[in-house]
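Hi,

Here is the structure I promised to send over. Have a look at it first, and then read on for what turned up.

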Amino acid sequence: MAKSDVTYSSYLDLGRILEAQHPASDAHDELLFIVVHQASELWLKLCLHELAAARDCIERDNLRPAFKMLSRVARAQEQLIQSWDVLSTMTPHDYSQIRPHLGSSSGFQSAQYRMMEFMLGGRNAEHIDRHAENGDWASRLRNETARLSLYDAAIHLLARRGFAIDRSVTGRDVAAPYEHNASVEAAWAAIYRDPQAHWDLYELAEKLVDLEYHFQRWRFGHLKTVERIIGFKRGTGGTPGVPYLAGVLKQAFFPELLSVRTAI
């Protein structure tokens, strides 16, 4: 197609996007349910794009572009958080008309959400096989576990900058969940005590805190929306529903960036 033939609709492929909603019932609110989840997946796609580029920049010690990317992720996360406000206009009665048509589908099955968790460092190999029949997502998630997470990349940068990071951290199995380490907390404490001497690392720390803060707000919004609409029923994908969501709220991606606030 020549550039002169490109239109707003063709460039954005609106024909396919606007025809991608296929309600399975006559329930008025099903379009709301579909659009909120589809839009969330698009925001997640942008988050993954920015996080991958930000990690590459951190690994190359090129932090200034990473700051812009991480700020953009935080803004996209705000859109994800606001989506719960829209979905929460659905009442229990409204949802009861839709639920029988959802089968075993569940937001728990979102491969992009799981990839974002993996990129931040929340890695659990048990989640990989759940995507065995979901395109190439199982292999993509498995490949991600072989890479440094965003936080691992930041910690390796601290070590390269001369901070005394335990070798048990820099040499750890990155596929395993990250655990709090005193040497990492000490490094962040030194940065927070003298931000002028380590300004770019100080800013990196705050960008990471923003990222986790927004992610937890998104999780909390999910929990409260589910609680508001279905109470304590089990989720459609077989999860315990609200109790499961409450459990993941306790999982921190960057533990030393929280504990350092008590330490300094």
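How many of the residues of helix H6 (residues 111-120) are buried? Ten of its ten, so to speak a full house, which leaves H6 mostly covered. Before going further, please keep in mind that this is a predicted model.

The buried residues of H6 include some charged and polar ones: Gln112, Arg114 and Glu117 are among them. Tyr113, Met115, Met116, Phe118, Met119 and Leu120 are on that list too, along with Ala111. After H6 comes Gly121, which has a positive phi, near 120°.

Now the salt bridges. The structure has 15 of them, and three pairs are worth walking through here.

Start with Arg55 and Glu144, whose closest N and O atoms are 2.6 Å apart. Arg55 sits in helix H3 (residues 30-59) and Glu144 in helix H7 (residues 137-144), so this salt bridge ties together parts that lie 89 residues apart in sequence. Are the two partners buried or exposed? Arg55 is buried, at 3% relative accessibility, and Glu144 is buried as well, at 6%. The pair also belongs to a network of salt bridges that links Arg55, Arg123 and Glu144.

The second pair is Arg142 with Asp129, where the closest N and O atoms are 3.5 Å apart. Arg142 is in H7 and Asp129 is in the loop between H6 and H7, so the parts tied together here are 13 residues apart in sequence. Arg142 is partly exposed, with a relative accessible area of 42%, while Asp129 counts as exposed at 55%.

The third pair stays inside one helix. Lys224 and Glu227 both lie in H11 (residues 199-230), three residues apart, or about one turn of the helix. An α-helix has 3.6 residues a turn, so residues three or four places apart point the same way. The closest N and O atoms of Lys224 and Glu227 are 2.5 Å apart. Both partners are partly exposed: Lys224 has a relative accessible area of 36%, and Glu227 is at 26%.

You may wonder about the cysteines. How many disulfides does a search of the whole structure find? Zero. Cys47 is in no disulfide, and the nearest cysteine sulfur, in Cys57, is 16 Å away. A disulfide needs the two sulfur atoms within 2.5 Å, so at 16 Å the sulfurs of Cys57 and Cys47 are too far apart for a bond. As for where these cysteines sit, Cys47 is buried, with a relative accessible area of 0%, and Cys57 is buried too, at 4%.

On the surface, there is a nonpolar patch made of Val6, Tyr8, Tyr11 and Leu12, which together have about 480 Å² of accessible area. Tyr8 belongs to helix H1 (residues 8-12) and is exposed, with a relative accessible area of 66%.

One last residue is Ser183, in helix H10 (residues 182-193). Which residues does Ser183 contact, leaving aside its neighbours within four places in sequence? They are Ala164, Ile165, Asp166 and Val169. Ser183 counts as buried, at 10% relative accessibility.

If you open the model yourself, the Arg55 and Glu144 salt bridge between H3 and H7 is a handy place to begin.

Cheers

How values were computed
Residues numbered from 1 in each chain as written. Predicted model: local features only at pLDDT ≥ 70, side-chain atom pairs only at ≥ 80, totals over all residues. Heavy atoms only, no water. Buried < 20%, exposed > 50% of the residue type's maximum accessible area, 1.4 Å probe, protein only. Helix = DSSP H or I, 4+ residues; strand = E, 2+ residues; numbered from the N terminus. Patch = residues over 30% accessible without salt bridge, like charges linked within 9 Å, V, L, I, M, F, W, Y side chains within 5 Å. Areas by Shrake-Rupley, 256 points an atom, 1.4 Å probe, with all protein chains shown as cover. Salt bridge = Lys/Arg side-chain N within 4 Å of Asp/Glu carboxyl O. Contact = heavy atoms within 4.5 Å.
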